[in-house]
Amino acid sequence: MQATATDSKTGGRSKLSVSGATKIYQTKTGTVHALEDVSVDVREGEFLCIIGPSGCGKTTLLWSMAGLHPLTRGRIAIDGDPITKPHPQIAMIFQDANLLPWRNLEKNIELPFELKGTKPDRERIDRLLDRVGLVGFGNKHPRELSGGMQQRASIVRSLAVDPSVLLMDEPFGALDAFTRDEMNLLIQEIWMETGKTIAFVTHSIPEAIFLADRIVVMSARPGRIASIYEVDIPRPRPVSIQTEPDFIARVMEIKTRIDSQRGQEFDHSAVA
Amino acid sequence: MNKALEESIPTFNKKDTGGDDVSLSGGLAALGSAGGARTRLEIAVIILVAVIIIGGAELILTVMEVPQYILPTPSQIATALVTEWPFIWPHLLVTLFELFVGFAIGASIGFILAAVITQFPFVEKVVTPYILLLVTTPMLALVPLLILRFGFGSEPRIIAVALASGPMVMINSATGFRRTDLAKIALARSFGANTLQIFTKIRIPMAMPMIIVGLMVGSIFGLLTTVGAEMVGGAEGLGNRLTYYSSLIRMPQFFAIILLLAAIGISIYVFFFWFGKKWASWEA
């Protein structure tokens, strides 16, 4: 009955460990039980996707990992070091890029350095801008750029400070399908090149399968881990893989898991 | 035929004659749309219209032999402005001084109050009705009282200007500060920002368009109050000159003062418009 995930099979040192995470908060309309006893280890260099229906607490889980809001119970630690506030080794990538509209691209990317009171690492920034194809856009403002370009800039902003963990909160949810494929390829490449540990929240099953080493499937209210799914497709994975029967079979399997989870939920509410 | 078709299709890639795609927040845009001469042609036409109006007024007033005490001709006003200048400019300085000091005090207090109060929703709810009272009550009405207390110097007028402009700045800035974008604050926090940094790097820039609207409206209110207060009592300032010249029926001089007041008003507008373009142009 209790969905605690124990990571056993493949090795890999635990980078980010979540144990017994429970989050209950008050809103104007009442109490929200966002997370219930969630335990999962994100392994060093792993690409972990977190998926589930809306309201399953996946964003709450990610924001807790980022130290942006405290847990009601439980513990989150990076390399054994408990996270109670934002950690310099962890960078977050938000929905809709979340660039500051009053700053040009260059100033947006320099923001983390400004906040830390250090000099921007120009060389690294330029290399990253080159990597994502944004050279020469430094003096453009966010509104002058497409959604994909904005999200590339936000990826550069996060990688510029060289964190070891990237937390991504539905970063490509607002993009059109083509741009989304492009961004998924890019993030896969960057991940393979840099070896960062990534936790990636999405509500797109194909996106999760395309990107992840493992997929955490969550159930809603209170958010629990329903199951963990290993994706053993070799890398690099081309975009075209998404039309292959094996890929589609995997999508169906995860979809079934999520649906059965929701089915149970409906049963509960019927009884109650 | 092809050509005709081309001409009938609006070209979207062409740079709009509006020039910069800069418009500020709703409030500023509304203020801005009144002005905004951008191309040379527009400026030329505006000048042409001015020439026609001024020249026409000159001509009609001269031909109709309208007496000077009813309406002086533009040339008489211009002459009066030049010849009376040595007597006028000290009053101009007094008015500018009162406006500037009063506005600086009022705007600073208004801005700080807005920044602090919006952090505490309960306090904000309690204070807002009183601020509204200050906004809606003409501060000019307090001037006789202030004169009783502070005499005929600049002090009562400075206080009145501060009281008139401060609440305007406050109420608009508060609207700006209330626009909290949690994602942007979370972004700053995720990079280790402290409370002060969140304030200076996120909250203030985000509130800036509304702050500028507040400053613009507040300073115009300040100008009204300065001139009004000077008309009520005392012996200095452009407002005082208005009552002085009209009591002597020296209409060219009277209109020269009005011209100066209009120039001050326009300067304030142009300054904040420029300020808005520089600091709040990001908000489409």
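**Exercise 1. A proline in a loop**

In which loop of chain A is A:Pro236 found?

*Solution.* The model is predicted. Start with the elements on either side. Strand S10 (224-230) comes before A:Pro236, and helix H7 (245-271) of chain A comes after; A:Pro236 is in the loop between them. Next, look at the bond that leads into this proline. The peptide bond from A:Arg235 to A:Pro236 is cis, with omega near -5°. Now set that against the general rule. Most peptide bonds are trans.

**Exercise 2. Two positive phi values**

Find where A:Asp79 and A:Ala97 lie, and decide whether each is buried or exposed to some degree.

*Solution.* Begin with the rule. Most residues other than glycine have a negative phi.

Step 1: A:Asp79. Its phi is near 50°, a positive value in a residue other than glycine. A:Asp79 lies between strand S4 (73-78) and strand S5 (81-82) of chain A, in the loop. The relative accessible area of A:Asp79 is 41%, so this residue is partly exposed.

Step 2: A:Ala97. Phi is positive here too, at about 65°, and A:Ala97 is not a glycine. The loop that holds A:Ala97 runs between strand S6 (90-93) and H2 of chain A. A:Ala97 has a relative accessible area of 1%, so it is buried. The cut-off for buried is under 20%.

**Exercise 3. Helices H2 and H4 of chain A**

Describe how H2(A) and H4(A) pack, and list the residues that meet.

*Solution.* Two packed helices are described by the angle between their axes and the distance between the axes.

Step 1: geometry. H2 covers residues 105-116 of chain A and H4 covers residues 147-160; they pack at an angle of about 30°, with axes 8 Å apart. H2(A) is therefore roughly parallel to H4(A), since angles under 35 degrees count as such.

Step 2: hand. H2(A) and H4(A) cross in a right-handed way.

Step 3: residues. H2(A) brings A:Leu105, A:Asn108, A:Ile109, A:Pro112 and A:Phe113. From H4(A) come A:Ala153, A:Val156, A:Arg157 and A:Ala160.

Step 4: classes. The contact of H2(A) with H4(A) has 7 nonpolar residues, 1 polar and 1 charged.

**Exercise 4. Helices H4 and H11 of chain B**

Work through the packing of H4(B) and H11(B) in the same order.

*Solution.*

Step 1: geometry. Helix H4 (residues 74-117) of chain B packs against helix H11 (residues 251-279) of chain B at an angle of about 45°, and the axes are 8 Å apart. H4(B) and H11(B) are therefore oblique to each other.

Step 2: hand. The crossing of H4(B) and H11(B) is right-handed.

Step 3: residues. Among those of H4(B) are B:Trp85, B:Leu92 and B:Phe103. H11(B) offers residues including B:Phe255, B:Ile264 and B:Phe272.

Step 4: classes. This contact of H4(B) with H11(B) divides into 18 nonpolar, 2 polar and 1 charged residues.

**Exercise 5. Beside H11 of chain B**

Place B:Ile249, and say whether B:Ile249 is buried or exposed.

*Solution.* B:Ile249 is in the loop between helix H10 (238-247) and H11 of chain B. Its relative accessible area is 52%, so B:Ile249 is exposed. Now follow the chain: B:Gln68 is 181 residues away from B:Ile249, with their C-alpha atoms separated by 9.1 Å.

**Exercise 6. Chain A as a whole**

How many helices and strands are there in chain A?

*Solution.* Chain A has 7 helices and 10 strands. Of its 272 residues, 53% count as buried. The accessible surface of chain A is about 12,100 Å², and 53% of that surface belongs to carbon and sulfur atoms.

Definitions and conventions: Residues are numbered from 1 along each chain as its sequence is written. Chains are lettered from A and ligands numbered from 1 in the order in which they are written. This is a predicted model: local features need pLDDT of at least 70, side-chain atom pairs count only at pLDDT 80 or more; totals for chains, interfaces and linings use all residues. Side-chain values use heavy atoms; hydrogens and water are left out. Axes are lines fitted to C-alpha atoms, for helices over the stretch in contact, and angles run from 0 to 180 degrees between N-to-C directions. Helices (H or I, at least four residues) and strands (E, at least two) are DSSP runs, numbered from the N terminus. Angles under 35 degrees count as roughly parallel, over 145 as roughly antiparallel, 65 to 115 as roughly perpendicular and the rest as oblique. A crossing is left-handed if the near helix is turned anticlockwise from the far one by less than a right angle, and right-handed if clockwise. Contact means heavy atoms within 4.5 Å. Ala, Val, Leu, Ile, Met, Phe, Trp, Tyr, Cys and Pro count as nonpolar, Asp, Glu, Lys and Arg as charged, and the others, Gly among them, as polar. Buried means under 20% relative accessible area, exposed over 50%, partly exposed in between (1.4 Å probe, protein chains only). Accessible areas come from the Shrake-Rupley method with a 1.4 Å probe; for residues, only the protein chains shown count as cover.
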